[in-house]
Amino acid sequence: MTTPTTRRLDTTDLVARVKAMYEEVALTPEREFHFETGRRLAEHLGYPASDLDAIPPEAIDSFAGVGYFLDLAAISPGEVVLDLGSGSGTDSFLAAVAAGPAGAVVGVDMTPAQLAKATRLAATAGLVNASFLEGYIEHPPVVTGSVDVVISNGVVNLSPDKPAVFRAAAAALRPGGRLALADIVTATPLPEGVTCDAALWAACIGGAAQRDDYLTMIDAAGFAVETVRDNDYRFVSERAAGATATYGVRSISLLARRR
Ligand SMILES: C[S@@+](CC[C@H](N)C(=O)[O-])C[C@H]1O[C@@H](n2cnc3c(N)ncnc32)[C@H](O)[C@@H]1O
């Protein structure tokens with residue numbers, strides 16, 4: 001499905017901007033972005049401190065998620081997990097701890113600096129069941145039907161082809177497998193001035209879909225949405241906060257099951 005947005009947005013420029021922004025998040029997380037990063041954000045969103053204590057602090061420094069959803073994912077020992085847009089690895093590492101030595105986590109990301117950081121941290125922390133692959137979330141490099149749980153945090157909003165992302169998640173999952181994620185949606189559809197602004201897309205606002213449209217895309221990909229909840233997430237820059245207030249930009253966490 002091609003939305004009007006994808007026709008007007010320069011997607012090559014978008015991908016370059018998203019890569020540049022998240023390279024900075026990996027390399028210089030202390031910098032100021034449109035959005036918060038790091039452990040304080042993770043704890044504010046509901047990540048249990050004791051869980052965060054079990055994974056590499058450097059990964060958490062570059063955490064740029066928008067909500068907590070791992071309670072919804074309820075990952076069991078031995079499960080295989082795919083993290084779409086794994087960044088520096090916070091959710092992948094938490095999933096790797098939950099899946100244990102009999103399970104496995106594969107994180108997919110398109111930004112080399114994020115992949116390099118997550119791969120280095122997995123090795124130094126001995127999290128040998130977590131691995132990271134370069135790829136796009138619209139067609140992640142995994143075997144069809146090989147995954148128990150797909151997770152993702154703050155990423156699908158960045159994709160100009162969200163239906164392709166949800167179809168890819170459904171294809172990766174075994175029947176009955178779960179999709180658990182946090183993402184940015186809006187109350188009202190965003191106007192062109194926002195959706196054509198690649199800088200606002202890269203900041204996790206410009207690409208946000210209207211909430212009901214987002215859920216419809218998940219359903220259309222072959223999922224039954226079971227739980228949706230709102231998160232207490234705020235953008236920090238004035239411009240981002242303005243768009244948030246005007247269009248009802250907010251974060252949700254959800255659980256869906258592959259039919
Ligand atoms: C907001 S960050 C979130 C990272 C991580 N999930 C976290 O919570 O810290 C978005 C990540 O998604 C990646 N990304 C964005 N669009 C992507 C795409 N189409 N394919 C693969 N990775 C993508 C970026 O490189 C970045 O690392």
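Here is a walk through the structure, from the central strands to the ligand shell.

First, some housekeeping: this is a predicted model, where local features need pLDDT of at least 70, side-chain atom pairs count only at pLDDT 80 or more, and totals for chains, interfaces and linings use all residues. Residues are numbered from 1 along each chain as its sequence is written.

Let's start with strand E5 (residues 173-186). Helices (H or I, at least four residues) and strands (E, at least two) are DSSP runs, numbered from the N terminus. E5 pairs with several strands, where pairing takes at least two DSSP bridges between two strands. Six bridges tie E5 to strand E4 (residues 147-153) in parallel, and here Val147 has Leu173 as its bridge partner. Strand E8 (residues 250-258) runs antiparallel to E5, with eight bridges, and Leu179 is partnered there by Ala256. Strand E6 (residues 209-210) is parallel to E5 and adds two bridges, with Val185 facing Ala209 as its bridge partner.

How do you get from E4 to E5? Helix H9 (residues 162-172) completes a right-handed β-α-β unit with these strands. Right-handed here says that, with the strands pointing away from the viewer, the path from the first strand over the helix to the second runs clockwise.

E5 is also mostly covered, with eleven of its 14 residues buried. The labels count other C-beta atoms, placed from the backbone, within 10 Å of a residue's own: 20 or more is buried, 12 or fewer is exposed, and anything in between is partly exposed. Ile184, a residue of E5, is buried because 29 other C-beta atoms lie within 10 Å. Leaving out residues up to four places away in sequence, Ile184 touches eight residues, among them Val66, Asn157, Ile205 and Val249. Contact is a matter of C-beta atoms, placed from the backbone, lying within 7 Å.

Now for the largest nonpolar core, which has 90 residues, and where Val81, Val150, Ala169, Ala180 and Ile205 have the most contacts inside it. E5 gives the most to this core, with seven residues. A nonpolar core is a set of buried Ala, Val, Leu, Ile, Met, Phe, Trp, Tyr and Cys residues joined through C-beta atoms within 7 Å. Ala180 touches Phe69, Leu72, Ala73, Val149, Ile151 and Leu255, again without residues up to four places away in sequence. In soluble globular proteins, nonpolar side chains tend to be buried together.

Elsewhere, strands E2 (residues 104-109) and E3 (residues 130-134) run parallel, joined by five bridges. The chain goes from E2 through helix H8 (residues 112-125) to E3 in a right-handed β-α-β crossover.

Which residues come nearest to the ligand? Of the 23 around it, they are Gly65, Gly85, Gly87, Met110 and Thr111; a residue is near if its C-beta atom, placed from the backbone, lies within 6 Å. Helix H2 (11-27) and helix H7 (90-99) each supply at least two residues of this shell. Met21 lies in H2 and is buried because 20 other C-beta atoms lie within 10 Å. Its C-alpha atom is separated from that of Thr111 by 9.4 Å, though the two residues are 90 apart along the chain.

One last stop is Ala74, in the loop between helix H6 (70-73) and strand E1 (80-84). Its phi is near 45°, a positive value in a residue other than glycine. Most residues other than glycine have a negative phi. Ala74 is exposed because 12 other C-beta atoms lie within 10 Å.

Conventions. Two residues are in contact if their C-beta atoms, placed from the backbone, lie within 7 Å.
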